[in-house]
There are 2 protein chains.
Amino acid sequence: MEQDINSEKLILNAAKEVFLEKGFDGARMQEIADRAGINKALLHYYFRSKDNLFDAIFKDAFEQFLPRIAGIMTTDKPFFEKLEFFIDTYLNMLSENPHLPVFVMHEINRSPEVLINIIRDSGFNPEALRSMIKKEVKAGTINPVDPVHLIVNIIGMCLFPYMGKPILQGFIFKNNAEDYQKFLTERKKEIKKFVINSIRKKV
Amino acid sequence: MEQDINSEKLILNAAKEVFLEKGFDGARMQEIADRAGINKALLHYYFRSKDNLFDAIFKDAFEQFLPRIAGIMTTDKPFFEKLEFFIDTYLNMLSENPHLPVFVMHEINRSPEVLINIIRDSGFNPEALRSMIKKEVKAGTINPVDPVHLIVNIIGMCLFPYMGKPILQGFIFKNNAEDYQKFLTERKKEIKKFVINSIRKKV
DNA sequence: AGTTGGTTTAACCAGTTGGCAAAATTAATA
DNA sequence: TATTAATTTTGCCAACTGGTTAAACCAACT
């Protein structure tokens, strides 16, 4: 069986839930303890302070937030396949963690210096993406574009549907949750179509 | 002269600053009072509670956050001009209120029901945008696109550069504030180019 | 059974924070 | 000037919250 659930993991799971929902300032140690089904003092036994616990969650969340590009870059698949894989992967991650973007950006905004230090060595290398796109421009696969702008365009189009869920669902879809969900599933092909239409070189 | 600064306005200005920076949970009534240069009790004299004060700020912020489309729609300018004007206007607003998007989305996320009620009648009509885009598709000006996806694409590309400032400045631009600023100014033409490239009908 | 070490809990504390009541000050009106 | 009303401040409090301490519990080993 070994259903010997370990307390540290219980705490981390509950803490991630609460912090992502409420943010650091809105989160309560008591609520984290309750959701983990343990005593509040145990939080301080495993993690010394609220800040410590938060840092663990934030570091983890931020690494999840950064696009995982290493795996895609190394393959020798054609560029547009890489692009589609990138969009698929990122949207899947967001579907599983819809609160992630707002959480990361709100917290990093609250105290940039401190949090930037926590994530300094997150092993994200934008230079690789940059040079890949430049190569494709040179090869004539795609129109000349600034790589950074292209990346920001794509990320922006992926993030907003999730970050703006209450706004979109409430204003555009008249509180119809199904319509919103359908919209999310359409997103994959829509973003791909939109991007490829924009950058693919016409003959 | 009439520099008879009225206290209510002083409070509202300070409150907007603090709430946008720290969010509801992170904001302190004392700090708002300090920034307004008045006594804390005066906050409760003009606005009964922290919630009341926040609601006033949030309602205002949300209306600012929604794209102002009424003025654009009524003109008889060609579609692409309207589009460019829309992007210019929205990016200008964001330059003046860079904290707005994260603030609105974090707070609306914290308690959707309550805040949705506050902004119920904000006079934003997505249907007008929708039908305008449909008309252009029918007229053959642009490729067939789902209007909602197009709008979400554009808004997403506008928002992310501002919401992700610390991330972009820290990771992409190696903490070079000038490079980030230059990037922001480039955004206008880059978004326009990207969108128009994607949807303009080729002959 | 007794001992030892790690784990969990109950009880409590000190600092903070939103909010209030009453006094004090200023402005307006008679 | 006297009086009334509006605005501002001082001083305070009750509730909440992160954190601590000491006791209780529990498994493993002797």
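This passage describes the arrangement of the two protein chains, their surroundings at the two DNA strands, and selected local features of a predicted model.

Superposition of the two protein copies places chain A on chain B with an RMSD of 0.0 Å, by a turn of 180° and a shift of 0.0 Å along the axis. The relation between the copies is therefore that of a two-fold axis. Within chain A, the C-alpha atom nearest to this axis belongs to A:Ser198, at a distance of 1.9 Å. The two copies meet through the same surface, in that 100% of the contact residues of chain A recur in chain B.

The surroundings of DNA strand C comprise 15 residues, of which A:Ser7, A:Tyr46, B:Arg28, B:Lys40 and B:Lys50 come nearest, so that both protein chains are represented among the nearest residues. Of the atoms of DNA strand C that come within 4 Å of the protein, 60% are accounted for by sugar and phosphate. Polar approaches to the phosphate oxygens of this strand are made by side chains and by backbone. A polar side-chain atom of A:Tyr46 is placed 2.8 Å from a phosphate oxygen of DNA strand C, and an N or O atom in the side chain of B:Arg28 is found 2.7 Å from a phosphate oxygen of the strand. For B:Lys50, by contrast, the atom concerned is a backbone N or O atom, which lies 2.6 Å from a phosphate oxygen of DNA strand C. In terms of secondary structure, the elements that give two or more residues to the surface near DNA strand C are helix H3 (40–46) of chain A and helix H3 (40–46) of chain B, and the largest share, four residues, comes from H3(A). By class, the residues of this surface divide into eight nonpolar, four polar and three charged.

DNA strand D is likewise surrounded by 15 residues, the closest being A:Arg28, A:Lys40, A:Lys50, B:Asn39 and B:Tyr46. Sugar and phosphate make up 59% of the atoms of DNA strand D that come within 4 Å of the protein. From chain A, a polar side-chain atom of A:Arg28 lies 2.6 Å from a phosphate oxygen of DNA strand D. From chain B, an N or O atom in the side chain of B:Tyr46 is 2.8 Å from a phosphate oxygen of the strand, whereas B:Asn39 presents a polar backbone atom at 3.0 Å from a phosphate oxygen of DNA strand D. Helix H3 of chain A and helix H3 of chain B each supply at least two residues of the surface near DNA strand D, with H3(B) giving the most, namely four residues. The residues of the surface near DNA strand D comprise eight nonpolar, four polar and three charged.

With regard to cysteines, the structure holds zero disulfides over all chains. A:Cys158 is in no disulfide, and the cysteine sulfur nearest to its own, that of B:Cys158, is 16 Å away; this separation lies outside the limit of 2.5 Å that a disulfide requires. A:Cys158 is also buried, with a relative accessible area of 0%. B:Cys158 is in no disulfide either, the nearest cysteine sulfur being that of A:Cys158 at 16 Å, and B:Cys158 is buried with a relative accessible area of 0%.

Further local features concern helix H11 and the loop that comes after this helix. In chain B, B:Gln169 is placed in helix H11, which spans residues 165–172, and counts as buried at 16% relative accessibility. When residues up to four places away in sequence are not counted, B:Gln169 touches B:Lys174, B:Asn175, B:Asn176, B:Ala177 and B:Tyr180. The C-alpha atoms of B:Gln169 and B:Asp179 are separated by 8.0 Å, the two residues being ten apart along the chain.

In chain A, A:Lys174 is found in the loop between helix H11 (165–172) and helix H12 (177–199), and A:Asn175 lies in the loop between H11 and H12 as well. Most residues other than glycine have a negative phi. Phi of A:Lys174, however, is positive, near 45°, and A:Asn175, although not a glycine, has a positive phi of about 65°. A:Lys174 counts as exposed at 63% relative accessibility, and A:Asn175 is exposed with a relative accessible area of 56%.

Definitions and conventions
Residues are numbered from 1 along each chain as its sequence is written. Chains are lettered from A and ligands numbered from 1 in the order in which they are written. This is a predicted model: local features need pLDDT of at least 70, side-chain atom pairs count only at pLDDT 80 or more; totals for chains, interfaces and linings use all residues. Side-chain values use heavy atoms; hydrogens and water are left out. Copies are superposed by least squares on the C-alpha atoms of residues with pLDDT of at least 70 in both. Contact means heavy atoms within 4.5 Å. Buried means under 20% relative accessible area, exposed over 50%, partly exposed in between (1.4 Å probe, protein chains only). A polar contact is a pair of N or O atoms within 3.5 Å; within protein, one must be able to donate a hydrogen and the other to accept it, and residues adjacent in sequence count only if both atoms are side-chain atoms. Ala, Val, Leu, Ile, Met, Phe, Trp, Tyr, Cys and Pro count as nonpolar, Asp, Glu, Lys and Arg as charged, and the others, Gly among them, as polar.
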